[in-house]
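Dear colleague,

I am handing over the structure we spoke about, and the notes on what was found in it follow directly below. Please keep it open beside this message as you read.

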Amino acid sequence: MNWVLRDQAKQQNSPPLQGRGRGWGLSANRMAEIAGYARDMRCNPTEPEKRLWKHLARSQLAGHKFRRQAEIGPFIVDFFCSQKAFAVEVDGETHDVHRDFGRDKALGRLGVSVFHVTNPDVMNNMEGVLTAILGALEATPDRWERPHPNPSPQEEGLS
């Protein structure tokens, strides 16, 4: 039987916390729960997220590769550029500034920079949003030399 890492982590004789560099100190069940939330969010994006993704997908923004609804520790960010450890969050009407501040601070401790844009900006000023994101990306140092030293086993994103 071919098991993926998450299946192996769920074995009965597996320790409760993952220590293989991928678990962020979370249990296998919690990791699976977060992955499920992220999958649901990818299947049901908001309209501003759909519109922004059209410009970030397929490395369209100056060659920077982004993932949608990326899992980072116990968090899910709207868009994530792993080369720069840079997250873009699209803030909607239910945006909670205090909660986001704590979340951004925790992501910062994990080495992730977070950039916020609002729904109205995405809907009404896409060029300005993309310019601002690109400026912040260019000001953020790369985490590794290109190409990534550990390419995706599925050759994801290669053209």
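Strand β1 (residues 67-72) and strand β2 run antiparallel and are joined by 5 bridges, with R67 having F80 of β2 as its bridge partner. Please bear in mind throughout that this is a predicted model. The two strands form a hairpin with 2 residues between them, and in its turn G73 has a positive phi of about 60°.

Strand β2 (residues 75-81) also pairs with β3, again in the antiparallel sense, over 3 bridges. Here F79 has V88 as its bridge partner in β3, while F80 stands opposite A87. The hairpin of β2 and β3 has 4 residues between the strands, and A85 takes a positive phi near 55° there.

On burial, 7 of the 7 residues of β2 are buried, so this strand is largely enclosed by the rest of the structure. The finding for β3 (residues 86-91) reads alike, since 6 of the 6 residues are buried and the strand is therefore largely enclosed by the rest of the structure. In a regular strand the side chains alternate between the two faces of the sheet. In β3 both faces are covered, with F86, V88 and V90 buried on one side and A87, E89 and D91 buried on the other.

Finally, β3 is joined by 6 bridges to strand β4 (residues 113-118), and these two run parallel. V88 stands opposite F115 in β4, and β3, helix α4 (residues 97-109) and β4 make a right-handed β-α-β unit.

With best wishes

Methods. Residues are numbered from 1 along each chain as its sequence is written. This is a predicted model: local features need pLDDT of at least 70, side-chain atom pairs count only at pLDDT 80 or more; totals for chains, interfaces and linings use all residues. Side-chain values use heavy atoms; hydrogens and water are left out. Buried means under 20% relative accessible area, exposed over 50%, partly exposed in between (1.4 Å probe, protein chains only). Two strands pair if DSSP finds at least two bridges between them. A crossover is right-handed if, with the strands pointing away from the viewer, the path from the first strand over the helix to the second runs clockwise.
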